[in-house]
Amino acid sequence: MIVFKEVETLTKYISKIDKTHTIGFVPTMGALHKGHLSLIKRANDENDFTVVSIFVNPTQFDKAEDLNKYPRTLNTDLDLLEKVDCNIVFVPSVQEVYPVNATSEIFNFAGLDKYMEGLFREGHFDGVGTVVKRLLEIVKPDNAYFGEKDYQQLLIIKKMVETEKLPVNIIGCDIYREPDGLAMSSRNIRLSKEQRKEAPQIFKTLNEAKEMFKNSSISEVKAYVEQVFQKNKLLELEYFEIADASSLKPVTTKKPGEKYRGFIAVFAGKIRLIDNIALN
Ligand code: AMP
């Protein structure tokens, strides 16, 4: 496994890889867990070389405190990457990624960024688009892997790659969960014992919403989810939304033949957790 900190040395190395070989890329913000490793395993299985980046991207954080408190566990991350046979790790500084200034490009995501995360985290998706575009231009992978854990992000990146005409396949990967259902997240290590014990309520409620969705109206399902969290002292609901699975536009009525997804964001103290589920 080779670790690069600089764009120049990384691109030089990658340019020497035989063009008949495929490169799979997994961008991360580190504090790696089994969810990340599942993406890396898939990239390993489907490509000749796997590149993983670890970069806590400042332009996608709307709150300085969230950025400052984001877990950073580089040495453990590198040990894990070695064990899963990652070939190349890119750990750039902010200066290396943003040589001029760390500001976001403004994208047209065809409305995909107008709801849910886009509504509650101002500028978040322009920040994500900016860093992913830059990383894809540096690494030039054949395939890049993103988790459905961040479903809205996955669709936004697919849209960005399409509009920017970047020559890469964007591959969505299943959400990897703890045995009790909590979606794995780098933020989970910040949860207190009590918060961690309550957190599986998020996925439990999503499953209940899915069951209810079969025979109840959208407003009934939403009202159910809201009252579950009103009763919970440790988890505060930021939003629960039912949206069209392709346009991500929130809906108030179901149409036959359409696919819907439930999206949730919950605060455990100051720690923000998100999850989502296919409803039909
Ligand atoms: P992050 O380090 O949180 O930016 O995540 C890097 C990539 O891993 C993103 O594509 C995430 O969607 C994905 N990811 C994070 N958590 C999970 C999970 N529990 N299951 C699957 N993919 C995940």
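This text walks through a predicted model, from its strands to its ligand site and its charged pairs.

Start with strand β5, residues 143–147. Five of its five residues are buried, so the strand is mostly covered. In a regular strand the side chains alternate between the two faces of the sheet. Strand β5 shows two such sets: N143, Y145 and G147 point one way, while A144 and F146 point the other way. Both sets are buried.

Strands of a sheet pair through backbone hydrogen bonds, either parallel or antiparallel. Strand β5 has parallel partners in β2 and in β6. With β2, the pairing runs over two bridges. Here F25 stands opposite A144 of β5. With β6, there are five bridges. On that side, F146 faces G172 of β6. A144 and F146, which point the same way from β5, thus serve as landmarks: find A144 to locate F25, and find F146 to locate G172.

Now move to another sheet. Three strands build an open sheet, in the order β7-β8-β9, with antiparallel pairing. Its edges are β7 (235–244) and β9 (271–278), each of which pairs on one side only. Neighbouring strands here are turned by 15 degrees against each other on average, direction ignored. Strand β8 covers residues 260–268 and pairs with β7 in the antiparallel sense over nine bridges. Within that pair, I242 stands opposite G262 of β8. Helix α11 (residues 218–230) packs on this sheet and touches β7 and β8. The direction of α11 makes about 165 degrees with that of β7.

Next comes the ligand. How many residues surround the ligand? There are 17, and the closest are M29, H36, D150, Y176 and M184. Three of these residues show polar approaches. The side chain of H36 places an N or O atom 2.8 Å from an oxygen atom of the ligand. D150 has a polar side-chain atom 2.6 Å from an oxygen atom of the ligand. M184 differs in the part it uses: a backbone N or O atom of M184 lies 2.8 Å from a nitrogen atom of the ligand.

Two alanines deserve a look at their backbone. A31 has a positive phi of about 50 degrees, although A31 is not a glycine. A31 sits in the loop between β2 (23–28) and α2. With a relative accessible area of 7%, A31 is under the 20% limit and therefore counts as buried. A110 also has a positive phi, near 55 degrees, and A110 is likewise a residue other than glycine. The loop between α5 (94–97) and α6 holds A110. Is A110 buried or exposed? A110 is exposed, because its relative accessible area of 53% is over 50%.

The charged pairs come last. Side chains of opposite charge can pair when their charged atoms come close. The structure holds 20 salt bridges. One of them is local. K41 and D45 meet through their side chains, with N to O at 3.1 Å. Both lie in helix α2 (residues 34–46), four residues apart, about one turn of the helix. D45 counts as exposed because its relative accessibility is 56%.

Other salt bridges reach across the chain. D62 forms one with R121, the closest N and O atoms being 3.7 Å apart. This pair links distant parts of the chain, 59 residues apart. D62 lies in the loop between β3 (49–54) and α3 (64–69), and R121 lies in the loop between α6 (117–120) and α7 (124–139). The two ends differ in exposure. D62 is partly exposed, with a relative accessible area of 30%. R121 counts as buried, because its relative accessibility is 9%.

D66 and R187 form another bridge, with N to O at 2.8 Å. This pair also links distant parts of the chain, 121 residues apart. D66 belongs to helix α3, whereas R187 lies in the loop between β6 (169–173) and α9 (193–198). Both D66 and R187 are buried. The two long-range pairs do not stand alone: salt bridges that share partners join D62, K63, D66, R121 and R187 into one network.

Key
Residues numbered from 1 in each chain as written. Predicted model: local features only at pLDDT ≥ 70, side-chain atom pairs only at ≥ 80, totals over all residues. Heavy atoms only, no water. Salt bridge = Lys/Arg side-chain N within 4 Å of Asp/Glu carboxyl O. Buried < 20%, exposed > 50% of the residue type's maximum accessible area, 1.4 Å probe, protein only. Pairing = 2+ DSSP bridges. Axes fitted to C-alpha atoms, helices over the stretch in contact; angles between N-to-C directions. Contact = heavy atoms within 4.5 Å. Near = heavy atom within 4 Å. Polar contact = N/O pair within 3.5 Å; in protein donor to acceptor, adjacent residues only side chain to side chain.
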